[in-house]
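Please open the model in your viewer and keep a selection tool at hand. The tour below moves from the whole chain to its interior, and then to single residues worth selecting.

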Amino acid sequence: MKKFSEIFLTGVFGIFLIVSMVMTVSNREDVYSYYENRLYAEMPEISAENVIEGDFFNQLESFLCDHAAGRQTLVKAKTETDIRLLKRPVVNDVVIGDDVLLPFNAFEKVDRGQVEEQAEFMASQHARLRDLVESYGGTYLYTAVPCQYVCYEDAYPFYLNNRREFTGTEISALTDEMEKYGVPMLDMLPVFEEDEAAGVTFATEESPGGDDDIAPLYSSRVDNHYSLQGAYLTYGEIVRRINGASPYDLKYPQGEEITFRKVEAPYLGSRQRKLMDTVPIDEHLYEAVFREDIPFTRKDNGIPSEASVYSDAAFENGSVTYSLYMGGDIAETVIDTDRPELPSALIFGDSFTNAVEALAYYSFDEMRSVDLRYYTEMSIAQYIEKYQPDIVICIRDYESLLAADGNGKLF
């Protein structure tokens, strides 16, 4: 009887393993993890070289782990256990703060000389772009915007790295080098801090006089990006800087000309999709409503698309992501408002341009945007030379200011 039980249990376990393996290997349709915000590993190709060097088995292990049957359920259960039962301060490389989720930053020793060298190189590159833009009479502006870990430095526990030392060294070095090369630079952190101290509010459709519910949250609590209000403040400051340094008199919506409409669907952000949607942080995105309707046409990567700057496709599982703005990360977008009396513009950077783009078309005849991470047709310098936009705006967040990766091909 005992032997029969052992055989039975072994058989059941074997069948479980076989079924799980079959389900895992056959589960190739899922290529993206919504909650983990990343692509799944692909089934590796078998080749003699791949097998001999051992790459095949490493890639196969990654594939099997990513496509394991019930993986999402198990990962979510582990996440909840780490947060609620074990009370871990860092879960899945996300720092659990009071009403905020932050990126875990590895401990680092700041090399001031290296930072200054990187800053000098970046400033020299943007000086070349400025010279190119000014050669045909255009205006160039470099804009630095604080990312989440900068805005919430004080929310980190004392024993974790909030990058305060690196942030101060980086922005100081880049500001000095940009000034040395004569590149117009706008740093948005002091602007955010000044407006927060002043208690600025933004009008909503529900409360046209201003609503404390959205004042002054310029950086998301669950995402690396700024809020639409932070993007609006950035856009307004860009307009003021350009008007003060050029013959243009750009307009942007102010006061009763703009209201903000709350998106009722919950915002998950990208901090591992608010840690597998287990953390009860209540945050919402907003859409801007202009009093004056501005018709326009839009092309994405050269193909006509819907004339909208907000995407319903961003809604998944009853929630919304930052892809609400401009439909997410697109290599090239062109918005044409057919107002030839206004200047043309190019905005380039990465996802931090998206929310600004959703507002900035108000001020331009034609607005082009290029995502440095995905656009490969030509360099930014070649792009500028080809289209010669009247105004060129680079927007980079603090984490990307000096990074060689993700800054695209400028020349």
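## From the fold to single residues

Colour the chain by secondary structure to begin, and you should find 12 helices and 15 strands. This is a predicted model, and buried residues make up 51% of the 411 residues in its chain. If you draw the contacts between residues at least 6 apart in sequence, 73% of them join residues at least 24 apart. Switching to a surface representation shows the outside of the chain, which exposes about 20600 Å², with carbon and sulfur atoms supplying 52% of that area.

**The nonpolar core.** Next, turn to the interior, where the largest nonpolar core has 106 residues, and where Y226 and F348 are the members with the most contacts inside that core. Select Y226 and show what surrounds it: leaving aside residues up to four places away in sequence, Y226 touches V145, F192, Y218, S219, S220, A231, T234, Y322, F352, A355, V356 and I395.

**From F348 to G408.** Now select F348 together with G408, a residue in the segment after β15 (391–397). The two are 60 residues apart in sequence, yet their C-alpha atoms are 10.0 Å apart in space. Is G408 buried or exposed? Neither label applies, because its relative accessibility of 37% places G408 in the partly exposed class, which lies between the cut-offs of 20% and 50%.

**The cavities.** Rolling a probe the size of a water molecule over the atoms shows where empty space is left. In this structure there are 3 cavities of 30 Å³ or more, and the largest cavity holds about 70 Å³ of space. To see its lining, select M326, G328, D329, I330, T333, D350, T353, N354, E357, S369, V370 and D371. Two or more of the lining residues come from each of α11 (354–360) and β14 (366–371), and β14 gives the largest share, 3 residues. Colouring the lining of this largest cavity by class separates 3 nonpolar, 5 polar and 4 charged residues.

**A last stop in α7.** Finally, select T167, which lies in helix α7 (residues 164–181). T167 counts as buried because its relative accessible area is 5%, below the 20% cut-off. Which residues does T167 touch, not counting those up to four places away in sequence? Display Y149, V150, E153 and Y398, and you have the set of residues that T167 touches under that condition.

Definitions and conventions: Residues numbered from 1 in each chain as written. Predicted model: local features only at pLDDT ≥ 70, side-chain atom pairs only at ≥ 80, totals over all residues. Heavy atoms only, no water. Core = buried A, V, L, I, M, F, W, Y, C linked by side-chain atoms within 4.5 Å. Buried < 20%, exposed > 50% of the residue type's maximum accessible area, 1.4 Å probe, protein only. Contact = heavy atoms within 4.5 Å. 1 Å grid on protein atoms, 1.4 Å probe; cavity = no way out; pocket = protein on both sides within 12 Å on 5 of 7 lines; lining within 4 Å. Points joined across faces, edges and corners; volume = space filled by probe spheres on them. Helix = DSSP H or I, 4+ residues; strand = E, 2+ residues; numbered from the N terminus. Nonpolar A, V, L, I, M, F, W, Y, C, P; charged D, E, K, R; others polar. Areas by Shrake-Rupley, 256 points an atom, 1.4 Å probe, with all protein chains shown as cover.
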